[in-house]
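Work through the exercises below with the structure open beside you. Each task is followed by a stepwise solution.

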Amino acid sequence: MNPSILNIQNLCCGYPKFQLSDICIDMPKGSFAGIIGPNGSGKTTLFRAITGTLGIKSGKIMLGDKNLRTLAPRQRAQNIAIVSQFIDAGDISVEDYVLMGRIPYQSRFSFFESEDDLRIAREYMTMTDTWRFKDQLMSELSGGEQQLAAIARALTQEPELLLLDEPTSHLDITHQVHILNVLQQLNQEMGLSVLMVIHDLNLASEYCDRLILVNQGMIHTQGTPEEVLTFQNIEDVYQTVVVTQPNPLSGKPAVFLATRKVLKEISERTGNPQ
Amino acid sequence: MQKKHLRWVIYLAGLLVLLVASVILSLSVGEMNLGFFDIFSILGKGHSSMEYTIITQIRLPRVLLGIAVGGALSLSGVLLQGVYRNPLVEPYTLGISGGASLGVAIAIVFGLHQSIGSFVLPLSGFSGAFLIIFLVYSISSRNGRINIQSMLLTGVMISFIASSSMMLLMAITSAENLHGIIFWIMGSLDEPDLSLIYVALVMAFASLAVSYLFVQPLNALRLGEEKAKHLGINTDTTIKLLFLLASMLAGVCVAVAGVIGFVGLIIPHLMRLLVGSDYRTLLVSSFLSGSIFLVLSDVIARTIISPNELPIGVITGIVGGIVFLLMMSRSSAQLMRNK
């Protein structure tokens with residue numbers, strides 16, 4: 001087994017009215033992990049604790065062999081790159097935006113980007129297919145294109161761990177699959193470790209090799225998609241009746257919903273009041 | 001060199017040429033009009049002529065103060081807008097002008113400038129401004145962290161309190177004092193004390209240099225506070241230091257030249273439209289165009305009803321507002337066409 005890239009031990013953190021408690025996660029280097037769970041379960045709180053935006057009360061977050069709490073902001077930014085849910089970069093050209101990923105490496109007093117900075121930015125923009133927008137403003141791009149530019153910016157930070165907060169929300173299925181394919185490619189070809197918060201259980205199942213199911217501020221289950229996405233777990237956490245079946249193409253579990261009408265018809269047909 | 005950098009150099013050169021031109025214009029017009037190009041020969045001839053005295057003793061100090069105050073107010077505005085990510089913030093939003101005016105009003109009402117000396121006015125203006133900055137800062141900082149949104153509201157409220165207190169003083173004082181207060185509030189580049197002008201000049205240029213130590217955090221802050229943190233920027237320290245720098249700049253300006261409004265609001269705006277929002281070029285462009293704007297406004301203020309003089313704040317407000325509206329309607333018309 002690979003050494004871990006992210007190791008969270010007995011983490012407690014949160015706000016006065018909402019606490020995460022006793023979170024333990026061990027994420028091996030090179031894995032593609034997903035945090036799933038209902039609204040208000042603590043996904044984003046956990047995410048904010050890992051990004052360092054939210055202070056932790058007790059426990060420890062280790063990034064490789066470095067303690068996240070003692071890591072200086074610049075070093076943290078060299079190790080973890082974050083793609084937020086809302087990009088909101090406004091009137092910045094796409095190339096300038098991506099180049100901001102080099103800030104953690106630039107001396108505070110450097111005025112112009114170095115040749116290296118420009119080369120690295122171009123490389124990742126080509127990889128994410130955003131080089132063709134380089135002179136457009138961020139605000140002129142569509143949601144999916146902005147998300148890709150944000151991923152290019154994050155890659156330009158050359159991180160060990162890439163964190164994404166719901167990278168596919170508000171996107172149509174084409175862009176969802178495109179973005180996740182890009183992430184999968186990065187994960188497989190560069191060995192980049194990816195951790196994302198994601199709502200869509202089927203996407204999570206298809207793309208992630210590890211899932212962390214969060215509920216009411218605690219980890220309900222974690223493991224492979226097959227271990228986590230059982231109908232018992234999902235019904236328990238989401239309070240919704242579902243059926244899971246393997247996807248005929250990938251063999252990964254796929255989650256099917258049951259509407260109230262269908263449930264009623266089934267119970268009428270079988271004579272079973274359930 | 002990248003295309004972007006070439007564009008910056010061109011804009012910068014253009015602004016420098018404009019600044020030199022407005023300085024020469026300002027030196028040449030007035031009660032006694034001199035030719036635009038005669039300035040050089042008059043200065044070349046040396047001390048003897050009356051023209052030389054007018055230029056160096058009367059007009060040059062005003063021009064220098066215009067460069068300092070215009071540049072400083074505009075720089076202060078662009079820094080605050082960057083820190084707050086809010087295009088409507090200007091140096092006076094946070095109560096700096098209110099505090100300075102209150103300080104001066106107190107000094108005038110109690111006759112301090114007559115009993116102690118005229119230097120009391122700028123001093124009390126600066127003290128008033130500084131007191132307000134200190135209040136706003138300490139009210140909105142908790143555990144060493146600053147909530148910038150609540151700070152903005154705090155500033156606006158304290159500003160109201162300060163200006164209302166000043167009106168209270170104005171309501172109960174004599175007509176003569178009232179005139180003095182109003183005259184001071186309206187702002188003027190007419191400053192008899194040369195050393196104050198030098199202080200303002202040195203402050204302005206030193207602050208411009210210091211602000212360049214913060215271009216990287218300022219650029220990162222364009223993405224928002226949290227995202228700047230993700231890029232490894234220590235946003236708390238940056239915001240605190242830039243707030244202090246911008247407030248001090250505005251405080252010095254108000255103390256020396258009175259409340260000259262609008263420069264800090266519209267010049268950074270126009271520059272964002274013109275040169276873009278990258279702080280590497282925005283800071284110096286805003287400074288230079290603030291200087292140009294104030295030097296030209298002063299030319300208008302002292303020639304339009306010559307031999308009398310209009311308060312410069314009136315000119316900056318009217319001219320600036322109209323130019324700004326024109327620019328906005330043009331750029332929104334362009335946006336409509338592009339859609």
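Two strands pair if DSSP finds at least two bridges between them. Keep that cut-off in hand for the first exercise. The model is predicted.

**Exercise 1. The sheet of chain A**

Task: Find how many bridges join β1 to β4 in chain A, then place both strands in their sheet.

Solution.
- Step 1. Locate strand β1 (residues 4-15) and strand β4 (residues 56-63) of chain A; six bridges join them, and they run antiparallel.
- Step 2. Pick one position to check the register. Leu6(A) stands opposite Leu63(A) in β4(A).
- Step 3. Write out the strand order. The open sheet has four strands, β2-β1-β4-β5 of chain A, with antiparallel pairing.
- Step 4. Mark the edges. β2 (18-28) and β5 (66-67) of chain A each pair on one side only.
- Step 5. Add the helix. Helix α1 (residues 43-51) of chain A packs on the sheet and touches β1, β2 and β4 of chain A. The direction of α1 makes about 65° with that of β2(A).

**Exercise 2. Two helix pairs in chain B**

Task: Classify the crossings α3(B)/α14(B) and α6(B)/α12(B).

Solution.
- Step 1. Take helix α3 (residues 50-84) and helix α14 (residues 279-303) of chain B. Their axes come within 7 Å and cross at roughly 140°.
- Step 2. Apply the cut-off: only angles over 145 degrees count as roughly antiparallel on that side of the scale. α3(B) and α14(B) are therefore oblique to each other.
- Step 3. Give the hand and the chemistry. α3(B) passes α14(B) in a right-handed crossing. Their contact has 14 nonpolar, nine polar and two charged residues.
- Step 4. Turn to helix α6 (residues 120-140) and helix α12 (residues 235-257) of chain B. The axes come within 8 Å and cross at roughly 150°, which makes α6(B) roughly antiparallel to α12(B).
- Step 5. The crossing of α6(B) and α12(B) is right-handed too.
- Step 6. List contact residues. Among them are Phe126(B) and Phe130(B) of α6(B), and Gly251(B) and Val252(B) of α12(B). By class, this α6(B)/α12(B) contact has nine nonpolar, three polar and no charged residues.

**Exercise 3. The side of chain B that touches chain A**

Task: Which helix of chain B gives the most to the side that touches chain A?

Solution.
- Step 1. Count both sides. 18 residues of chain B are in contact with 20 residues of chain A.
- Step 2. Name the contributors. α10 (215-221) and α11 (225-230) of chain B each supply at least two residues.
- Step 3. Choose. α11(B) gives the most, with four residues.
- Step 4. Sort the chain B side by class: five nonpolar, seven polar and six charged.

Conventions: Residues numbered from 1 in each chain as written. Chains lettered and ligands numbered in written order. Predicted model: local features only at pLDDT ≥ 70, side-chain atom pairs only at ≥ 80, totals over all residues. Axes fitted to C-alpha atoms, helices over the stretch in contact; angles between N-to-C directions. Parallel < 35°, antiparallel > 145°, perpendicular 65-115°, else oblique. Left-handed = near helix turned anticlockwise from the far one by under 90°. Nonpolar A, V, L, I, M, F, W, Y, C, P; charged D, E, K, R; others polar. Contact = placed C-beta atoms within 7 Å.
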